[in-house]
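I opened this model to go through its strands, its cores and its aromatic contacts. My entries follow in the order in which I looked things up.

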Amino acid sequence: MTDLQALMADLERHMGDPFDDDGPLPFSRVLELDERESYPDEFVDLLASWGLYDWSIPVESGGRAVDIQDGFNLYRLVARRDPTTATAMVISTISFMPLWVAGTPEQRKHFADLIKSGSKLAWGLSEREHGSDILANATTARRTEGGWLLDGEKWTIGNATVADVVMVFARTSEKGGPGGYSIFAVEKGLLAEGQCEPLPHEPLHGLRGLDMSGVRLRDCFVPDTAVVGKAGQGLEVALKSSHLVRIAITSIAMSCADTALRATLDFATRRMIFGAPVSEVPYSQRQLVESYADLLVADALTTGAIRSLQLTPEQSSIWSSVVKYFVPTLLQETLARLAIVLGARHYLRTHPRYGVFQKAVRDCAVADFADGNTVVNLKNIALQLGNLLDTAVTQDPGKVAGAVERTRALFDPAHPMKPYRPAEQQLFSRGVDDPVLALRSAVEDLHQAAAAATGTDAARLAAAADAAGSLADELDRIAAEHRKLFSDLGKSAGQSAELYDLAKQYTFVSAAAAVVHLHLHGHDSVHPELRSPAVLLVCLERLLKRFHPTVSVAGPREIAEVADALTAAHREGRLFSFRSFSVNW
């Protein structure tokens, strides 16, 4: 198993002090490139030279990726410094995913070598007229002697112009449908002139330096060896590829929130108002603590999700959609709350310390819509919701026992895992979501822990058990409303706004389950200050308020304790995470 803490510390050293203007990757240069809308070539090269790409390439293809959580957490560090650079590099690793899922060993090695040598990849999935409806894609591939001819356009594609290789999702059957699409690895350097032309760059609100453009394909010849997987397997490969992608993108949202919270905390601890620092004003202190708790909730949820890709790949479809909906949505709210605390300074674009805040706010938005927007992910949850609720509410003892055992491994970051095999991921979870199914058992564990504890810990654990129990009880209500919805509307319930709202509510319970399970099973990996029941209680309150906005279960003492943990993490240079990852700022 990788010594991830040491590895991340080494990457932070490589990036240098973010406030040293002469350092390798300073905020001043990040903001300068953003203002100029310039692609961050120098930063991409800096991080590639350190070996960042290696952690997204399987060992058998010449990389170092065994546990996919390593690459996920490394990219969190990069995105804290510059989400544009992180996104530009993630796009190449995202584009490699179809090869990891279905490519031949020779294909994987070839394209992995290209990435490691400095070549960039792009993922040509979306089209101007069809957006998220990929089964309506119009780009075609028709057989010809020795290969295929591709025709069509791919639009709003990251890295499309700068990329040396574009992975193209194209229709290979006139009928289309689930078996009517294939994926092709198009190497631009092997094409005749005019077969693949770049579309104009699209200026962006955030990630201003990112290459966001497209390609136009005209009788673009690729050999049979360019097909990734089997002809007609494109939809399956694309969907399996999306499971890691959707979870990985949330790391950018978490990093934007981390940077924004740090900038706000700098201000709040230094700015005096009415004779005291802003951070000690009770209302502002609570805003900061709630923002920290939001990040910890996201950290807990993604910890389970990224590990599920290896430990429970049969459930990855539900995990990836829950995370992709919940984390960006939550953290957009967090950023808005921090802007209130930071005040007018959050609006400054070039301030040497606070200018990075407005960039984090703009850049974070990409996590909402990239590779499956909010509606797409809610739809995937909604399609599986009935079976998931039935299983969770029924609490079959055999299924619960299996879920409890698997959940222990999911939320113990030290538990070893077999190497990542994305082809093993399933497109539907078949009604099982282990952490949610095991939540009621975890509530009982909390009650037992409360009975065994003394003093303040006993009271806090009991309150946390009650809060987690209330959140588990929401599943019964959601299930009842789900049954009534289909009874009242029949098949049309499947497209109703009410169903999507129930899917949202399911993600809140899923997040609560993650927080509880990490508290119970990740003890040895969690930083000592964050093992406190006060932290658990504050995190659960954030989720309980999704259902009951006026309910409070954490009092002033718990808020003060979590505030101390927050300031200590910032002072000691630790990532705003349950684990002890060192950062320069």
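**Strands E4, E5 and E8.** I began with strand E4 (residues 165-171) and its pairing with E5: the two run antiparallel and are joined by 7 bridges. This is a predicted model, so I read every entry below as a description of a prediction. For a single position in this pairing I looked up Val165, whose bridge partner in E5 is Glu187. E5 also pairs with strand E8 (residues 227-228), again in the antiparallel sense, over 2 bridges. There I noted Phe184, which stands opposite Val227 in E8. I then checked how covered strand E5 (residues 181-187) is, and found 6 of its 7 residues buried.

**Strands E2, E3 and E7.** Next I took strand E2 (residues 140-144), which is joined to strand E3 (residues 147-158) by 5 bridges, the two running antiparallel. Ala141 stands opposite Leu150 in E3. E2 and E3 form a hairpin with 2 residues between them. I looked at the turn and found that Gly146 there has a positive phi of about 80°. E3 has a further antiparallel partner in strand E7 (residues 212-223), with 10 bridges between them. In that pairing I located Trp155 opposite Gly214 in E7.

**Annotated spans.** I compared two spans from the UniProt record. The unreviewed entry places "domain: Acyl-CoA oxidase/dehydrogenase middle" on residues 123-220. In the model that span is 0% helix and 47% strand, with its end C-alpha atoms 17 Å apart. The unreviewed entry also gives "domain: Acyl-CoA dehydrogenase/oxidase N-terminal" for residues 30-113. Over residues 30-113 I read 71% helix and 0% strand, and a distance of 28 Å between the end C-alpha atoms.

**Nonpolar cores.** Which residues touch the most other members of the largest nonpolar core? I found Tyr292, Leu301, Phe326, Leu331 and Leu540, in a core of 177 residues. Helix H7 (residues 234-270) contributes the most to this core, with 18 residues. I followed Leu301 outward, leaving aside residues up to four places away in sequence, and its contacts are Trp319, Val322, Val323, Phe326, Val327, Ser510, Ala511 and Ala514. Another core, of 20 residues, lies apart from the largest one; among its members are Ala122, Leu150, Ile157 and Cys196.

**Helix H10.** I checked the cover of helix H10 (residues 355-364) and counted 9 of its 10 residues as buried. The buried ones include residues with charged side chains by name, so I wrote the list out: Gly355, Val356, Phe357, Gln358, Lys359, Ala360, Arg362, Asp363 and Cys364. What do the buried residues of H10 pack against? I found H2, helix H5 (83-102), H7, helix H9 (316-342) and helix H11 (366-369).

**Aromatic pairs.** I count 12 aromatic pairs in the model. One of them is Phe19 with Phe27, an edge-to-face pair at 5.4 Å centre to centre and 75° between the planes. Phe19 is partly exposed, because its relative accessibility is 24%. Phe27 has a relative accessible area of 3% and therefore counts as buried. Phe19 also pairs with Trp585, edge-to-face, at 5.1 Å centre to centre and 90° between the planes. Which parts of the chain does the pair of Phe19 and Trp585 tie together? Phe19 lies in the loop between helix H1 (4-15) and helix H2 (27-36), and Trp585 in the segment after helix H19 (556-571), so the pair ties together parts that are 566 residues apart in sequence. Trp585 is buried, at 9% relative accessibility. I therefore entered Phe19, Phe27 and Trp585 together, as they form one aromatic cluster.

**Charges over rings.** I then looked for arginines over ring faces. Arg353 lies over the face of Phe19, at 4.0 Å from the ring centre. Arg262 lies over the face of Phe576, at 3.7 Å from the ring centre.

**Pro282.** My last entry is on Pro282, which I placed in helix H8 (residues 282-311). Is Pro282 buried or exposed? Its relative accessible area is 62%, so Pro282 counts as exposed. I also noted that the C-alpha atoms of Pro282 and Ala560 are separated by 9.2 Å, although the two are 278 residues apart along the chain.

How values were computed: Residues numbered from 1 in each chain as written. Predicted model: local features only at pLDDT ≥ 70, side-chain atom pairs only at ≥ 80, totals over all residues. Heavy atoms only, no water. UniProt positions renumbered as here; feature names shortened; annotations may be inferred. Helix = DSSP H or I, 4+ residues; strand = E, 2+ residues; numbered from the N terminus. Phe/Tyr/Trp six-rings, centres within 6.5 Å; stacked < 30°, edge-to-face > 60°. Buried < 20%, exposed > 50% of the residue type's maximum accessible area, 1.4 Å probe, protein only. Lys NZ or Arg CZ within 6 Å of the ring centre and 35° of its normal. Core = buried A, V, L, I, M, F, W, Y, C linked by side-chain atoms within 4.5 Å. Contact = heavy atoms within 4.5 Å. Pairing = 2+ DSSP bridges.
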